[in-house]
Amino acid sequence: WAERVHMEFFAQGDREALLQLPISPLCDRTTTDVTSSQIGFIEFIVAPIWQAISVLIPDLSDEVTTNLQENLRFWKSDAAKKFFGKGFLSRPAAASPASFPAAHAVVGRSSSGDDPDGGLPEM
C-alpha cells in the first residue's frame with residue numbers, strides 16, 4: 001500500500017511541477033524518502049491513534065501492537081531503505097498531461113470499472 005499511496009502522491013507532484021506550482025510535501029519523487037515518510041506516519045499518526053483505540057478494544061491490543069512493531073521494524077530495515085529509498089519510482093519519461101493517469105487509476109483501479117476486485121492485492 002505504501003507504494004500505491006506514493007504513486008498517487010508522486011503523480012500529484014508531477015502534475016504540480018508540470019503546472020509550475022510548488023510541489024506539495026511528500027509529492028516530489030526525486031526527494032521524498034518513502035521509508036522515512038512511512039516511519040513518521042507510523043510513529044506520529046498510527047501508533048498514537050492505536051494507543052487510544054486499544055483501550056476500547058483490548059482483545060486486539062497484543063496482535064495489533066505486534067503487527068505495528070513488525071511494520072516499524074521493516075521500514076527501519078536496510079532492505080526497506082534499499083528498495084524504497086529516494087527516487088525509487090523514477091520520473092515518467094514524458095511529462096505531459098496525458099502521462100498522468102487519474103488518481104484512481106494510479107492506485108490500481110481501472111477507470112472503466114473492468115477490474116472486478118478494484119485493483120486490491122490478493123489475500
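In the predicted model, Ser61 is buried, its relative accessible area being 19%, a value that falls under the 20% limit for burial. Ser61 belongs to helix H3. Beyond residues up to four places away in sequence, Ser61 touches Trp50 and Ser54. Both of these partners are listed among the residues of H2 that meet H3, and the description therefore turns to the chain as a whole and then to the pairing of these two helices.

The secondary structure of the chain consists of five helices and zero strands. Along the sequence, the pattern reads α-α-α-α-α. The chain has 123 residues, of which 28% are buried. When contacts between residues at least 6 apart in sequence are considered, 61% of them join residues at least 24 apart.

Two packed helices are described by the angle between their axes and the distance between the axes. For helix H2 (residues 34-54) and helix H3 (residues 58-75), the packing angle is about 170° and the axes lie 10 Å apart. H2 is thus roughly antiparallel to H3, since angles over 145 degrees are placed in that class. On the H2 side, the contact is formed by Val34, Thr35, Gln38, Ile39, Ile42, Glu43, Val46, Ala47, Trp50 and Ser54. On the H3 side, the residues are Pro58, Leu60, Ser61, Val64, Thr65, Leu68, Asn71, Leu72 and Trp75. By class, the contact of H2 with H3 comprises twelve nonpolar residues, six polar residues and one charged residue.

Within this contact, Trp50 of H2 can be followed individually. With neighbours within four places in sequence set aside, Trp50 is in contact with Ile57, Leu60, Ser61, Val64, Thr65 and Leu68. Val64, one of these partners, is located in helix H3. The C-alpha atoms of Val64 and Trp50 are 8.3 Å apart in space, and the two residues are separated by 14 residues in sequence. Val64 has a relative accessibility of 28% and so counts as partly exposed, whereas Ser61, another partner of Trp50, is buried at 19%.

Trp50 also takes part in the largest nonpolar core. This core has twelve residues in all: Ala2, Phe10, Val34, Ile39, Ile42, Ala47, Trp50, Leu68, Leu72, Trp75, Ala80 and Phe84. At least two core residues are supplied by each of helix H1 (2-18), H2, H3 and helix H4 (78-84). The most is given by H2, with five residues.

The arrangement of H1 and H2 was examined next. Their axes come within 11 Å and cross at roughly 110°. The two helices are therefore roughly perpendicular to each other, as angles from 65 to 115 degrees are assigned to that class. The crossing of H1 past H2 is right-handed. In this contact, Ala2, His6 and Phe10 of H1 meet Val34, Ser37 and Gln38 of H2. The contact of H1 with H2 has three nonpolar and three polar residues, with no charged residues. Ala2, Phe10 and Val34 are also listed among the members of the largest nonpolar core.

The loop between H1 and H2 contains Cys27. Cys27 has a relative accessibility of 4% and so counts as buried. Apart from neighbours within four places in sequence, Cys27 is in contact with Phe9, Phe10, Gln12, Gly13, Glu16 and Thr32. Phe10 is thus a residue that touches Cys27 and that also appears in the contact of H1 with H2. Cys27 and Ala17 are ten residues apart in sequence, with a C-alpha to C-alpha separation of 10.0 Å.

Backbone geometry in this loop was also considered. Most residues other than glycine have a negative phi, and most peptide bonds are trans. Gln20, although not a glycine, has a positive phi of about 55°. Gln20 lies in the loop between H1 and H2 and is exposed, with a relative accessible area of 74%. A positive phi, near 70°, is likewise found for Leu26, a residue other than glycine. Leu26 is placed in the loop between H1 and H2 and is partly exposed, with a relative accessible area of 42%.

Terms used:
Residues numbered from 1 in each chain as written. Predicted model: local features only at pLDDT ≥ 70, side-chain atom pairs only at ≥ 80, totals over all residues. Heavy atoms only, no water. Axes fitted to C-alpha atoms, helices over the stretch in contact; angles between N-to-C directions. Helix = DSSP H or I, 4+ residues; strand = E, 2+ residues; numbered from the N terminus. Parallel < 35°, antiparallel > 145°, perpendicular 65-115°, else oblique. Contact = heavy atoms within 4.5 Å. Nonpolar A, V, L, I, M, F, W, Y, C, P; charged D, E, K, R; others polar. Core = buried A, V, L, I, M, F, W, Y, C linked by side-chain atoms within 4.5 Å. Buried < 20%, exposed > 50% of the residue type's maximum accessible area, 1.4 Å probe, protein only. Left-handed = near helix turned anticlockwise from the far one by under 90°.
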